[in-house]
Amino acid sequence: MGLQKTKQEIEFIRESALIVSKTLGMLAAEIKPGVTTLHLDKLAETFIRDHDAEPGFLGLYDFPNTLCVSPNAQVVHGIPNDTPLVEGDIVSIDCGALKNGYYGDHAYTFEVGDVEESTRKLLAITKESLYVGIDLFRVGKRVGDVGHAIQRHVEAHGYGVVRELVGHGLGKTMHEKPEMPNYGRRGRGKAFSEGMVIALEPMINAGTHKINQLADGWTILTADGMPSAHFEHNIAIVDGEPELLSTFSYIYEALGIESDEEKPFRTKSISK
Ligand code: MG
Ligand code: MG
């Protein structure tokens, strides 16, 4: 499969990515102490189907749910369950949608009620690192430039970059080339070109970069039990520059947060 997408393909990926963006915005209003992650999963599945799309993760590699829900020390790939979220938790929610044969894949780490200051900083720095990486996804740069910049940004704060899991190309399948590690060396790796589409997704731990996997065969968690954050956007290269296909604006609207973090990047106007 070619790494370059046509304009039509990019529009299809954008449509799916925006369905995921709206799904996360819907969930943002529901995430509070006492809610179960299985409840969030059901809401998301209904919402996606109501938008004439299919959940992108359900059944993919035999994953059992619509959402990957990973609280606190869980990094990614947590399975929704009937344990209620509690005040002070953080919860990473990763969601996929499939429409017109193309995937969107997008994630955000939410705060549940009042969260410890050190954990809020982990979320802020991880999200910053995502945009630092996106800014280098342009013609003239390489895979290693993005990974290096993300790594440098978060390691300056003493955080650990998960090595075993990486971002990826996106299109007719959820995981395409190139792999997009959140670490690396400047000037190395595949050169970016017009029409490439990726999912960039730093997975950043407050402590060690090392991870373990639960016996469920899915859940990844930090080896030291410290919290982990995960933010993911879908981006295309259009006219040589990064264009955001997903947006956190629905989340911010639901939470009453003012943010201009997406302003520096190309987007298409977001319809309701
Ligand atoms: Mg994802
Ligand atoms: Mg992904």
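## Close-up views of a predicted model

**View 1. The open five-stranded sheet.** Five strands form an open sheet in the order β8-β7-β9-β14-β15, and their pairing is antiparallel; like every view described here, this one is taken from a predicted model. Strands β8 (176-180) and β15 (241-244) occupy the edges, where each has a single partner strand, so one side of each is left without a neighbour in the sheet. From one strand to the next the twist averages 30°. Within the sheet, strand β7 (residues 167-169) pairs with strand β9 (residues 197-200) in the antiparallel sense over two bridges, and G169 has I198 in β9 as its bridge partner. Helix α4 packs on this sheet, where α4 touches β8 and β9, and the direction of α4 makes about 40° with that of β8.

**View 2. The packing of helix α3 against helix α4.** Helix α3 (residues 117-134) and helix α4 (residues 143-155) have axes that come within 8 Å and cross at roughly 155°. Because angles over 145 degrees count as roughly antiparallel, α3 is described as roughly antiparallel to α4. The crossing in which α3 passes α4 is right-handed. On the α3 side the contact is made by I125, E128, S129, V132 and G133, which meet V146, A149, I150, H153 and V154 in α4. By class, the residues of this contact of α3 with α4 comprise six nonpolar, three polar and one charged.

**View 3. The magnesium site.** The magnesium ion (ligand 1) has as its protein donors D94 (OD), D94 (OD), D105 (OD) and E232 (OE), which lie 2.0 to 2.4 Å from it. Along the sequence, the donor residues of this magnesium ion (ligand 1) follow the spacing D-x10-D-x126-E. D105 also bridges the magnesium ion (ligand 1) and the magnesium ion (ligand 2), and the two ions lie 3.1 Å apart. Distant parts of the chain are linked by the pair D94, in strand β4 (residues 90-99), and E232, in the loop between β13 (228-230) and β14 (233-238), these residues being 138 residues apart.

**View 4. The open three-stranded sheet.** In this open sheet of three strands the order is β3-β12-β11, again with antiparallel pairing. The edges are taken by β3 (74-76) and β11 (211-213), each with a single partner strand, so one side of each is left without a neighbour in the sheet. Direction ignored, neighbouring strands of this sheet are turned by 40° against each other on average. Strand β11 is joined by three bridges to strand β12 (residues 220-222), the two running antiparallel, and N212 stands opposite L221 in β12.

Definitions and conventions: Residues numbered from 1 in each chain as written. Chains lettered and ligands numbered in written order. Predicted model: local features only at pLDDT ≥ 70, side-chain atom pairs only at ≥ 80, totals over all residues. Heavy atoms only, no water. Pairing = 2+ DSSP bridges. Helix = DSSP H or I, 4+ residues; strand = E, 2+ residues; numbered from the N terminus. Axes fitted to C-alpha atoms, helices over the stretch in contact; angles between N-to-C directions. Parallel < 35°, antiparallel > 145°, perpendicular 65-115°, else oblique. Left-handed = near helix turned anticlockwise from the far one by under 90°. Contact = heavy atoms within 4.5 Å. Nonpolar A, V, L, I, M, F, W, Y, C, P; charged D, E, K, R; others polar. Donors = N, O, S within 2.8 Å, 3.2 Å for Na, K, Ca; no water.
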